[in-house]
Amino acid sequence: MKSASDGQIADGGALLTETGYQRCTIDAVAARAGVGKAAVYRRWRSKAELVFAAVIHPVELEPPEDTGSLRGDVAAVLAVIQSSLDGVELRRALPSLLADVRADPVLEARFGEVFVGRERGYLVLMLERAVARGELPRRPDPALVHAILLGPVLTWLHLFTEEPPSGGLAASLASPLHAAVVALGA
């Protein structure tokens, strides 16, 4: 029997576009990928986890780019957040995905461990580099930094209806959010 791969998950993203989050099932994803349902469940414990991995980011993340400065690192992370959160599939799926995660304490804990925990781990690397370069006297709370970087991008892309600023959303947010991170590390 074949095993489910990340490439086959892309078909899950296409299925999500066709059917919507509520009607997208593990059975349908498995059938489209040409694998058994058990193969999908060996890799992802729930539909919400599979959808998150398919349309936001996979479980394995690349470490944040070391640009040589905290300001550059913040801009690079913002660009990654924006590209991860900007998509038609995600716009349609996010409300139901978040509702499913919040409604199930086991799933919520798993998301915290698998996705949020890894994101924060990479932010810790970014912040520790800034401390080592002398840009921050101490490492700020990674949860606060995560909220400061994620919140404005998520809000702009999923709540606001305005077009992104002419210079680009990530580029427009980089300086003020860099200042916020520096203030947290003071």
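Trainee: Let's begin with a single residue. Is R110 buried or exposed?
Mentor: This is a predicted model, and every value we discuss is computed from it. Here R110 has a relative accessible area of 15%. The cut-off for this class is under 20%, so R110 counts as buried.

Trainee: Which helix is the place of R110?
Mentor: R110 is also one of the residues through which α4 meets a second helix. That second helix spans residues 105-132. The place of R110 is helix α7.

Trainee: Which residues does R110 touch, leaving out those up to four places away in sequence?
Mentor: Contact here means heavy atoms within 4.5 Å. With close sequence neighbours set aside, three partners are listed for R110. They are R45, E49 and F115.

Trainee: How are α4 and α7 oriented to each other, roughly parallel or roughly antiparallel?
Mentor: Helix α4 covers residues 47-55, and its axis comes within 10 Å of the axis of α7. The two axes cross at roughly 20 degrees. Angles under 35 degrees fall into one class, and α4 and α7 are therefore roughly parallel.

Trainee: Is the crossing of α4 and α7 left-handed or right-handed?
Mentor: On the α4 side, the residues that meet α7 are A48, E49, F52 and A53. Their counterparts in α7 are L107, R110, F111, F115 and E119. The crossing of these two helices is right-handed.

Trainee: How many nonpolar residues are there in the contact of α4 with α7?
Mentor: Among the residues that meet there are A48 and F52 from α4, and L107 from α7. By class, the contact has three charged residues and no polar ones. The nonpolar residues number six.

Trainee: F111 was in that contact too. Which residues does F111 touch beyond its neighbours within four places in sequence?
Mentor: F111 is one of the residues with the most contacts inside the largest nonpolar core. Its partners include A48 and F52, which also belong to the α4 side of the contact with α7. In full, F111 is in contact with A48, E49, F52, L97, V101 and V116.

Trainee: How many residues does the largest nonpolar core have?
Mentor: In soluble globular proteins, nonpolar side chains tend to be buried together. In this model, L78, L97, F111, M126, L149 and V153 have the most contacts inside the largest core. The core has 49 residues.

Trainee: Which helix gives the largest share of this core?
Mentor: F111 has many contacts in the core, and F111 is on the α7 side of the contact with α4. The largest share of the core is eight residues. That share comes from α7.

Trainee: Is α5 roughly parallel or roughly antiparallel to α7?
Mentor: Helix α5 runs over residues 70-85, and its axis comes within 10 Å of that of α7. They cross at roughly 165 degrees. That makes α5, relative to α7, roughly antiparallel.

Trainee: Which residues in α7 meet α5?
Mentor: The crossing of α5 and α7 is right-handed, and by class the contact has six nonpolar, no polar and two charged residues. From α5 come L70, D73, V74 and V77. In α7, the partners are L123, M126, R129 and A130.

Trainee: What about α4 and α6: at what angle do their axes cross?
Mentor: The axes of α4 and α6 come within 10 Å, and α4 passes α6 in a left-handed crossing. K47, A48, V51, F52 and V55 meet E89, L90, A93, L97, D100 and V101. The axes cross at roughly 145 degrees.

Trainee: Is R92 buried or exposed?
Mentor: R92 is found in helix α6. Its relative accessibility is 55%. The cut-off is over 50%, so R92 counts as exposed.

Trainee: How far apart in space are the C-alpha atoms of L50 and V29?
Mentor: L50 lies in helix α4 and is buried, with a relative accessible area of 2%. Along the chain, L50 and V29 are 21 residues apart. Their C-alpha atoms are separated by 9.4 Å.

Conventions: Residues are numbered from 1 along each chain as its sequence is written. This is a predicted model: local features need pLDDT of at least 70, side-chain atom pairs count only at pLDDT 80 or more; totals for chains, interfaces and linings use all residues. Side-chain values use heavy atoms; hydrogens and water are left out. Axes are lines fitted to C-alpha atoms, for helices over the stretch in contact, and angles run from 0 to 180 degrees between N-to-C directions. Helices (H or I, at least four residues) and strands (E, at least two) are DSSP runs, numbered from the N terminus. Angles under 35 degrees count as roughly parallel, over 145 as roughly antiparallel, 65 to 115 as roughly perpendicular and the rest as oblique. A crossing is left-handed if the near helix is turned anticlockwise from the far one by less than a right angle, and right-handed if clockwise. Ala, Val, Leu, Ile, Met, Phe, Trp, Tyr, Cys and Pro count as nonpolar, Asp, Glu, Lys and Arg as charged, and the others, Gly among them, as polar. Buried means under 20% relative accessible area, exposed over 50%, partly exposed in between (1.4 Å probe, protein chains only). A nonpolar core is a set of buried Ala, Val, Leu, Ile, Met, Phe, Trp, Tyr and Cys residues joined through side-chain atoms within 4.5 Å.
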